[in-house]
Structure formats: C-alpha cells, structure tokens
Amino acid sequence: MDTMNIMLCCGAGISSGFLATAAQKAAKKAGINATVKARSHSDVGNYMDSVDILMIGPHYKMELSTFEAMAKPHGVPVVIIPEDVYAMIDGTRVIEIAQETLANK
C-alpha cells in the first residue's frame, strides 16, 4: 500500500475533522504516507471505493454492523475510535490503530 487512506466518521464531520487534521499531522511527523479525511455519517457510503479503513466515532458503536455491511463489499475494515482517543483528539493513536488494523486485515 503506497498511501494509507483513512476515513473518519462522525455526525456532521466537524469533530472528526479536528481529529483528521491531528492524524494527518501525526502521520507526516512520523514519515507515514497517509491521507486522513473526515466525513459525515450520511456521506460515508459515497467514499468506500477510495478508503483503506473506516474509523467511526465512539457514539456510533450501536451502528457498527450497519457500517460494516456498507464496507464489506469493498474490503474495508471498520473500527470504532476509542472514546479517549476521540476526546483527546489523539491523531497519533488514530494512525497507530489504523496501521495495526490494516496489518492484521
């Protein structure tokens, strides 16, 4: 994989936008070739062909199976962003979780 394409999902894409910016900076600092985009939950399906992993906000854990069903035909793993990572806008952990998930895919 040349570039790790990560999509973060929250309600309107605003809070995940802050997290995406932090993750993009963390990836660059670590020398990791990654693209991190934030999308609202209603837009996620439109981007499945262009992502390697979908990371959803912790407030969507009850809808995990819906996101997994949407992502499965595209071979995209779906993970819930841990609450502490989301709350602390921890971009480094987002990149680490994405790498770990994709390595075990």
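Is Phe67 buried or exposed? In this predicted model, Phe67 has a relative accessibility of 2% and therefore counts as buried, the cut-off for that class being under 20%. Its ring takes part in the one aromatic pair that the structure holds, in which Tyr60 and Phe67 meet edge-to-face, with 5.8 Å from centre to centre and 80 degrees between the planes. Tyr60, the partner of Phe67 in this pair, has a relative accessibility of 9% and so is likewise counted as buried. A further arrangement involving an aromatic ring is found at Tyr47, where the charged end of Arg39 sits over the ring, 4.1 Å from its centre.

Helix 4 comprises 13 residues, from 91 to 103, and spans 18 Å between its first C-alpha and its last, which is close to the 18 Å expected at 1.5 Å a residue. The buried residues of this helix are Gly91, Val94, Ile95, Ile97, Ala98 and Leu102. When helix 4 is viewed down its axis, these buried residues fall within an arc of 165 degrees, so that they line one face of the helix. In an α-helix there are 3.6 residues a turn, so residues three or four places apart point the same way. The elements against which the buried residues of helix 4 pack are strand 1 (4–10), strand 2 (34–40), strand 3 (53–56) and strand 4 (78–80), together with helix 1 (15–30) and helix 3 (83–87).

At the N-terminal end of helix 4, Asp90 acts as a cap, with a side-chain oxygen lying 3.3 Å from the backbone nitrogen of Thr92. Ile89 belongs to the loop between helix 3 and helix 4, and its phi is near 50 degrees, a positive value in a residue other than glycine. Most residues other than glycine have a negative phi. With a relative accessibility of 38%, Ile89 counts as partly exposed, because this value falls between the limits of 20% and 50% that separate buried from exposed residues.

Helix 1, one of the elements packed against by the buried residues of helix 4, contains Ser16. The relative accessibility of Ser16 is 0%, and this residue is therefore counted as buried. When its neighbours within four places in sequence are left aside, Ser16 is in contact with Leu8, Cys9, Cys10, Ala38, Arg39 and Tyr86. Among these contacts is Arg39, the residue whose charged end sits over the ring of Tyr47.

Definitions and conventions
Residues are numbered from 1 along each chain as its sequence is written. This is a predicted model: local features need pLDDT of at least 70, side-chain atom pairs count only at pLDDT 80 or more; totals for chains, interfaces and linings use all residues. Side-chain values use heavy atoms; hydrogens and water are left out. Rings of Phe, Tyr and Trp (its six-membered ring) pair if their centres lie within 6.5 Å; planes under 30 degrees apart count as stacked, over 60 as edge-to-face and the rest as tilted. Buried means under 20% relative accessible area, exposed over 50%, partly exposed in between (1.4 Å probe, protein chains only). A charge sits over a ring if NZ of Lys or CZ of Arg is within 6 Å of the ring centre and within 35 degrees of the ring normal. Helices (H or I, at least four residues) and strands (E, at least two) are DSSP runs, numbered from the N terminus. The expected span of a helix is 1.5 Å times one less than its number of residues. The arc is that of the directions from the helix axis to the C-beta atoms. Contact means heavy atoms within 4.5 Å. A polar contact is a pair of N or O atoms within 3.5 Å; within protein, one must be able to donate a hydrogen and the other to accept it, and residues adjacent in sequence count only if both atoms are side-chain atoms.
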